[in-house]
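Grab a pencil and have a go at these exercises. Try each task yourself before you read the worked solution under it.

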Amino acid sequence: MGFQSVFSVLICLIAAAHASQLTLQSPRLTVLGPDGSQLRSESMSLTKRLGSVTLGASDTLKLTFQVADQATDKGVQPHQTFLRFFDATTGEEGIQPVKVTPSGKAKFELNMAKPPSSLPPSGAAPLHVSLLLGSFVHSPAAFDLFDLHIPPSAPAPVHPEESLYHPRPELAHTFRPEPRSPLRPISALFAVLVLAPWVVLFSLWGAVRPRVPHLFSPSILSFVLSLALIEGLLFWYWIELRLGQILLYGAGAAALTLLTGKQALAGIAARRTSSR
């Protein structure tokens, strides 16, 4: 089995080495002006490269040829036929497919008034034009045809948002300086103003001497503790809790305070009724 595989590969290599060559018959170049008048027409040689060809902004280039088998001179249709336009200065290239009939005849037109998108951007340097042929049953062929001078390409239009894709100036952030603490005498003054109402309140309570004999009864004590719970939650919110958390915990504490307050009022009403 191994010998058969090697033999098959050798047969394929021998066949490829003896594959028929492709050639061009009657290659001709024609340059037409904007009004259709013939400005230049001459045959091309495969052994001698044609000189430079110059096209104006509205001129048309026509190429005609026939692809044939070099051994039989019979027209053939290659699998692939391309014209290659190459700018040696910029390295840009364009590949333009050429349609070939079953008899091998081909015709290509390049109208500079409506150039194809495959034509590379042009400048002062000429474009090297070559013909590339590929076939399943023939050896590939490449023919160097001529240098083509065409008008320089117009600059690409500027996109309206083109300026957004350039480096921008570095952002220099200016932060507000850290706030300074007020002077100690001013802080002490406002602390006294905040504590003064409590001092007045406790002094008045001492003068009135209120009596709360039932403060530690279960109904009133639970209500006082629920009020203390709300105050504790407010203090906790001030140092740590977030708004969503205080709303959730505060709703539970408010419901508890409502329930204990109702029990405290009911207990006070019951004691007043019994005392009568």
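**Exercise 1. What end-to-end span should helix α2 (residues 184–208) have, and what do its end C-alpha atoms show?**

Step 1. Helices here are DSSP runs of H or I with at least four residues, strands are runs of E with at least two, and both are numbered from the N terminus.

Step 2. The expected span is 1.5 Å times one less than the number of residues. With 25 residues, α2 should span 36 Å, and its end C-alpha atoms are 36 Å apart, which agrees.

Step 3. Now look along the helix: α2 has a kink of about 35° at Leu195, shortly before the proline Pro197. That bend is the angle between axes fitted to the seven residues ending at a residue and the seven starting there.

Step 4. Just after α2 comes Arg209, with a positive phi near 55°.

A word on where this comes from: you are looking at a predicted model, where local features need pLDDT of at least 70 and side-chain atom pairs count only at pLDDT 80 or more, while totals for chains, interfaces and linings use all residues. Residues are numbered from 1 along each chain as its sequence is written, and side-chain values use heavy atoms, with hydrogens and water left out.

**Exercise 2. How many residues of α2 are buried, and which residues of α4 are buried?**

Step 1. Get the cut-offs straight: buried is under 20% relative accessible area, exposed is over 50%, and partly exposed is in between (1.4 Å probe, protein chains only).

Step 2. For α2 the number buried is zero out of 25 residues, so this helix lies largely in the open.

Step 3. Helix α4 (residues 243–275) has 33 residues and reaches 47 Å from its first C-alpha to its last, close to the expected 48 Å. In α4, the buried residues are Ile246, Ala253, Thr257, Thr260, Gly261, Ala264 and Gly267.

Step 4. What do they pack against? The buried residues of α4 pack against α3 (218–239), where contact means heavy atoms within 4.5 Å.

**Exercise 3. What is the strand order of the open five-stranded sheet, and which strands stand at its edges?**

Step 1. Strands of a sheet pair through backbone hydrogen bonds, either parallel or antiparallel. Two strands count as paired if DSSP finds at least two bridges between them.

Step 2. The order is β3-β9-β8-β5-β6, with mixed pairing. The edges are β3 (53–54) and β6 (93–97): each has a single partner strand, so one side of each is left without a neighbour in the sheet.

Step 3. Zoom in on one pair: β3 and β9 (residues 141–149) run parallel and are joined by two bridges. There, Val53 has Leu148 of β9 as its bridge partner.

**Exercise 4. Which side chains of β7 are buried and which are not?**

Step 1. In a regular strand the side chains alternate between the two faces of the sheet.

Step 2. In β7, Ala106, Phe108 and Leu110 point to one face and are buried, while Lys105, Lys107, Glu109 and Asn111 point to the other and are not.

Step 3. Who's next door? β7 runs antiparallel to β4, with seven bridges joining them, and Gln66 has Lys105 of β7 as its bridge partner.

**Exercise 5. What ties Asp147 to Arg49?**

Step 1. Side chains of opposite charge can pair when their charged atoms come close. We call it a salt bridge when a side-chain nitrogen of Lys or Arg is within 4 Å of a carboxyl oxygen of Asp or Glu.

Step 2. Asp147 and Arg49 form such a salt bridge, at 2.5 Å from N to O. Asp147 lies in β9 and Arg49 in the loop between β2 (38–43) and β3, so the pair ties together parts 98 residues apart in sequence.

Step 3. Check the surroundings: Asp147 is buried at 13% relative accessibility, whereas Arg49 is partly exposed at 34%. Together with Asp144, these two are linked in a network of salt bridges.

Step 4. The whole structure holds six salt bridges. Another one of them joins Lys62 and Glu109, at 3.5 Å from N to O.
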